[in-house]
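Thank you all for coming; today I would like to walk through the pockets and the nonpolar cores of one chain. Please keep the structure on the screen in view as I go.

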Amino acid sequence: MAEHCGWEMISAKELQDYVEQNGVSRVAEYVSSRLDDWKNVVIQFAVCGVSGAGKSTFINRIRGVEDIDTDAAEVDVTECTKELKCYDHPSNPNIKFWDLPGISNPIYHGDLEEYCKNVPLDEYDTYLIFAKDRLTADDLKLAERIRSTGKKFFFIRARIDQDVENARRSRKHLFDKDATLNKIRKNISQNLIERGLLKDEKEFFLISNYHTAEYQFGELGRAILAILPQRQRESLILTFDNALILSKDTLKEKVEVLRKRIKYVATASAFAATVPIPGVSIGTDIALIKREIDFYISQLGLPEEGSHRFSSLGLKTQTQIKALSTALGSTMQIGGLLAAYATESVVEEFSRYIPFIGTAIASSLSYGATYYFLSKWLGQMEEIALKALEETLYDLQSH
């Protein structure tokens, strides 16, 4: 069989080849493994900048790691990074954040050429350059060198919450948060625009590593996603913990990626339904669908009953999450729902997918019921997840 290049490229020809070589009974298992191909996509981020700019804390936050955890990047006010160090994302080790030493590190004496001999700047997919109070000459030299490689980079100022609080204390009743943020952004970005390193001061991101719901942490995540090729973008979308990124746009992007998977799960379900072995069709269908439903719940960040986040939600949202859990909590419950969806009208509704999977499969009740079931419940989960996110954001911003 020809080598495949990603779950989004599963074709009818590939499935047909697989069936010819391995039989029908393991199609569901094969599709499940292919749907996990997003975990095999490697993305390497270079995190650069002077010491004390918040690089290590950012690496911990974006990975959902606490600063005191054993796999956390070391956080200190002095220069901690003396050599390249890689930190894998806990849920997807192929997403890698490289903490790079600064050019000003005594090892390099501010010599860019010497630095580049030891730090392979052309090996990363994108670059995150952290500024402290202002961008240094070394930061600018590094950015210009990265630009020469044709790679994309982002300028970031972390610890913006501290800057705002300092301004609040010093300005007292004259304090204006928006004016303070605009002044900081303009002061730092002006030099970058003059050098042609930025087109617009909005491309400079002001974030807080400890208050990710405020400022531009979510915007930075979306900007990174926007510049990645499709396979990397979708892999990162599925790796991002939406409870951490706290972005409605990112959540909606997750839903779109999840929705693209449905036809493949339905196809595997339909193939399994052709197996002439009593019990195989139903058992395989439900196991595959239960796995996919659990994946949706995890991806959309729906909180578990009893968790702190669950208890902070409104009663109506809590009730909706409980009802969802009750309806989809077991394979037996899912099987009952699927049986109700297996009607001729459902098959007719999804007959437009016949060119992809073939008439015999598309005309099966298994395909139509599975597609309808997953589409319906993903839509309901999206509504609940968006509502829960809105409540979480309101709660965080009101404190």
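Let me begin with helix α7, residues 177-194, which contributes seven residues to the lining of the second largest pocket and so gives the most to it of any element. I should say at once that this is a predicted model. That second pocket has a volume of about 290 Å³, and 13 residues line it, those closest to its centre being Asp 133, Arg 157, Ile 184, Asn 187 and Ile 188. By character, its lining divides into five nonpolar, three polar and five charged residues.

Arg 157 appears again when we turn to Ile 207, since it is among the residues that Ile 207 contacts beyond its neighbours within four places in sequence, a list that also includes Phe 58, Phe 130, Ile 156 and Tyr 215. Ile 207 and Phe 130 are both among the residues with the most contacts inside the largest nonpolar core, which has 82 residues. The largest share of this core, 14 residues, is supplied by helix α19, residues 365-397. A second, separate core has 33 residues, including Leu 121, Val 164, Phe 175 and Leu 192.

Helix α19 also brings us to the largest pocket, where it gives the most to the lining, with four residues. This pocket holds about 420 Å³ of space, and of its 17 lining residues, Thr 212, Ala 243, Leu 246, Thr 392 and Leu 396 are the closest to its centre. Its lining divides into six nonpolar, six polar and five charged residues.

Technical notes:
Residues are numbered from 1 along each chain as its sequence is written. This is a predicted model: local features need pLDDT of at least 70, side-chain atom pairs count only at pLDDT 80 or more; totals for chains, interfaces and linings use all residues. Side-chain values use heavy atoms; hydrogens and water are left out. A nonpolar core is a set of buried Ala, Val, Leu, Ile, Met, Phe, Trp, Tyr and Cys residues joined through side-chain atoms within 4.5 Å. Buried means under 20% relative accessible area, exposed over 50%, partly exposed in between (1.4 Å probe, protein chains only). Helices (H or I, at least four residues) and strands (E, at least two) are DSSP runs, numbered from the N terminus. Contact means heavy atoms within 4.5 Å. On a 1 Å grid over the protein atoms alone, a cavity is a set of points where a 1.4 Å probe fits but cannot get out, and a pocket is an open set with protein on both sides within 12 Å along at least five of seven lines; lining residues have an atom within 4 Å of a point. Grid points are joined across faces, edges and corners, and a volume is the space filled by probe spheres set on the points. Ala, Val, Leu, Ile, Met, Phe, Trp, Tyr, Cys and Pro count as nonpolar, Asp, Glu, Lys and Arg as charged, and the others, Gly among them, as polar.
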